[in-house]
Structure formats: structure tokens, C-alpha cells
Amino acid sequence: MTTDTVTTPIDMDTLMGFVFRAVDEVGASLNCALVVMGDKLGYYRALADQGPIKASDLARRTATGERYATEWLNAQAAGGYVDYDPQTRTYSLPAEHAVALTDESSPAFLPGFFQLAFGTVRDADRIFDLARDGDGLGWGEHNSDVHDGCERFFRPGYAANLVSEWLPALDGVVGKLEQGARVHDLGCGHGSSTVLMAQAYPASTFVGSDVHGASIDVARQRAADAGVGDRIAWQTAPATAIEGSGYDLVTTFDALHDMGDPVGAARRVHRALADDGTWMVVEPVAGDHVEDNLNPVGRAYYGFSTLLCTPASLSQDVGLAIGTQAGPARIHDIVTAAGFGRFRIAATTPFNNVFEVRK
């Protein structure tokens, strides 16, 4: 007895198109490290300050080896990050690229995003082994580029939106903050969001908590440097075991999906809030269905979810692992299960959804 094997004809143009797309992606993968290199060695800053510059001059201005500067510049030119003039053999950084690559106050600032990705990939071989058994890797077990890059990526967006857009989008919250509210920033990391709120609302008092003690140490120093350390108390604790009650506002920035037990955390927030209190949950922008997220932002977030956020959740009790692209419906299910009765999307940005959650 014989069976006929049906084969799908191969379209060589489609095949080679995919191959060359893959070549471009290898270049993009290497560029992740090259952007971090340019940020750490001061290449982008020198290009932005100097204007058109030769490789030898860039090396001199940054006190680096000329051959490294030359190859780095050529890679950046090939990727369209810098412009190259073959007549003068000089390189320049377009003004728009300079904003994205050197201005840490701009919401378009990118090196932190690359640093986060670079640090995530550095630890990827550990995830490969853990994935075989479905085990996790805690946030605190990652290298410092993950922690520092995460803050540098999200901080400009918080600075641009938190006080001016997100808090005013919540019902009655700004008035409470101006008069003097009690606020808990849950999962505060390095404390960027906590410090921003404390600076904006001097009549209010704040608590910042995170399960990662080293991040709390950084946050405490950042608050002291900003002159608001006397109005912020810090706790090292998991989200399900935070201290205090009667809070007018609880905030959680890009952290709920990392928690092992987000429902348990939501129940603890429910108990910690005053009866008329508000929980502001900021999560990565996402739709409710896979097909909603098949775009460049979704691709990046699914990558982080696979290598960083899902392992973080799986390393904790319960390990629900809702993923970085959970979507509003999944967040609604979590807060409803915890006893909250009101939920809405209060604001959005290209990178975040902002949810208002109330009893």
C-alpha cells in the first residue's frame, strides 16, 4: 500500500524575501547592543553636540578606540540611525534621532528600552532551561541592565503623562492629592513614579513598596536626592503583604502582570483602600485578543513577556502568569474577582493603558 505525499510548492521569491528579512533582523538584534554601547560610551551625545564628525574625532571626543568608533558608526549608518556623507566622510545624527537617543526627559527616549532588551537577552539562556519544566526566574535574579533599563524606559513616559494626564483622568483624585492624600505606590521599583507624585503634591504622603529590596534601596536614595524623602516611607514586601490601610490612592505601574498572584494582590489593595479610594493600574498597552496585538509594540511586549515577565510571575506563589499583553478584559476579571465593582480605561498612550479601579 502506498500513500501519496502532498507537498506545497515553494515560491522562491517568498523564501528569499523571508531570508533577507531574517538577515535584517539579525542586524537589528546586534543593534540592540550597539545602541547600549553608543549610550554608555557617549557616542550619541557627542554626535548630537558636535554635528557632522569624522570617526577619528568621535573617538577622540569620547576617549575610545578609533577602530571601534569607525565600525560602530558604519553599523549605525547602515541601520539608518546616523547619516553618512561620502564626500566629507563625516557622520551626523538627525535632530529627531538625537531627541530619541539623548534626551532622557523626552517620552520618545529609547536607550532605556534597548538597555532593558539587552539585559533581558543576556539572561535568555537561563530561561531556555527553565522553560523545559515551566519554572520561573525572579525579577531580582536578573542583571542590572534589566532593572536600570526598565526604569529608564518607563520614567520619561511617567514624567510626561502621570501628573498632567493620568491622575487628572481619575475621578476626584487630584483634589484629594492637592488637599493631602495617603498614597501607596505598589510595585514601585526604583521609585520614579513615587517621587514624581511626591514632588507634584507636597500636601500628600506616600508609601512605596516592592518585593525587590535592591530596588527599594535605589528608590530611597532617589527620593532623598529629590528632596522628598521625608514624605515617602518605603517597604520591601510582596504585593499580597503590603502594610497599611485607609489609602486614598493606590498606584501600580507596569507591575501587575509580573505578579505571581495578581488576584491576591488586588484583594490586598481592596482592603488597603479607603471606601472612596481609587486604584490606578497602569499596564502595557494591549487588546483583548492575540490578533489585536500583532503589531510592532505587541511584538516587543510579547518578547519581554516570554523572556522576562512570565518567568517573573512563574517564580512566585500561584504563578498565574497573565503575560505582558493580558488586555483590559483580563485585568477586569482580576479586579472583579478581588471584589472591586467599578473599572474603566481612563487613559491610553502608545505604550500603556491606564485603568481606574474602585470599590
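**Helix packing and the mixed sheet**

Helix 1 passes helix 6 in a left-handed crossing. This is a good place to enter the structure, which is a predicted model. The two axes come within 9 Å and cross at roughly 125°. An angle over 115 degrees but not over 145 counts as oblique, and helix 1 and helix 6 are therefore oblique to each other. On the side of helix 1, the meeting residues are Asn31, Cys32, Ala33, Val35, Val36, Asp39 and Lys40, and on the side of helix 6 they are Pro111, Phe114, Gln115, Ala117 and Phe118. Sorted by character, the residues of this contact of helix 1 with helix 6 comprise eight nonpolar, two polar and two charged.

Helix 1 (residues 12–41) also packs with helix 4 (residues 66–78), their axes coming within 11 Å and crossing at roughly 125°. Helix 1 and helix 4 are therefore oblique to each other, and their crossing is left-handed. Here Asn31, Leu34, Met37 and Gly38 of helix 1 meet Tyr68, Trp72, Ala75 and Gln76 of helix 4. The contact of helix 1 with helix 4 is made up of five nonpolar residues, three polar ones and no charged ones. Asn31 is worth finding in the model, since this residue of helix 1 meets helix 4 and is also among those that meet helix 6.

A further helix pair is formed by helix 8 (residues 144–166) and helix 10 (residues 192–200), with axes that come within 9 Å and cross at roughly 25°. Angles under 35 degrees count as roughly parallel, and helix 8 and helix 10 are therefore roughly parallel to each other. Their crossing is right-handed. Helix 8 brings Glu151, Arg155, Tyr158, Ala159, Leu162 and Val163 to the contact, where they meet Ser192, Ser193, Leu196, Met197 and Ala200 of helix 10. The residues in this contact of helix 8 with helix 10 divide into seven nonpolar, two polar and two charged.

Attention now turns to the strands. Seven of them make an open sheet in the order 5-4-3-6-7-9-8, with mixed pairing. Strand 5 and strand 8 are the edge strands, each pairing on one side only. From one strand to the next, the twist averages 20°.

At the edge formed by strand 5, residues 232–236 run parallel to strand 4 (residues 205–210), and five bridges join the two strands. One such pairing links Asp210 with its bridge partner Thr236 in strand 5. Helix 11 (residues 213–226) joins strand 4 and strand 5 in a right-handed β-α-β unit.

Elsewhere in the sheet, strand 6 (residues 247–253) pairs with strand 7 (residues 273–284) in the parallel sense, over six bridges. Within this part of the sheet, Val250 stands opposite Trp279 in strand 7. Helix 14 (residues 328–337) packs on the sheet, where it touches strand 7, strand 8 and strand 9, and its direction makes about 145° with that of strand 8.

The antiparallel contribution to be described here comes from strand 8 (residues 342–348) and strand 9 (residues 352–358), joined by six bridges. These two strands form a hairpin with three residues between them. The bridge partner of Ala347 is Val354 in strand 9. Parallel pairing of strand 4 with strand 5 and antiparallel pairing of strand 8 with strand 9 thus both have a place in the mixed pairing of the sheet.

How values were computed: Residues are numbered from 1 along each chain as its sequence is written. This is a predicted model: local features need pLDDT of at least 70, side-chain atom pairs count only at pLDDT 80 or more; totals for chains, interfaces and linings use all residues. Side-chain values use heavy atoms; hydrogens and water are left out. Two strands pair if DSSP finds at least two bridges between them. Helices (H or I, at least four residues) and strands (E, at least two) are DSSP runs, numbered from the N terminus. A crossover is right-handed if, with the strands pointing away from the viewer, the path from the first strand over the helix to the second runs clockwise. Axes are lines fitted to C-alpha atoms, for helices over the stretch in contact, and angles run from 0 to 180 degrees between N-to-C directions. Angles under 35 degrees count as roughly parallel, over 145 as roughly antiparallel, 65 to 115 as roughly perpendicular and the rest as oblique. A crossing is left-handed if the near helix is turned anticlockwise from the far one by less than a right angle, and right-handed if clockwise. Contact means heavy atoms within 4.5 Å. Ala, Val, Leu, Ile, Met, Phe, Trp, Tyr, Cys and Pro count as nonpolar, Asp, Glu, Lys and Arg as charged, and the others, Gly among them, as polar.
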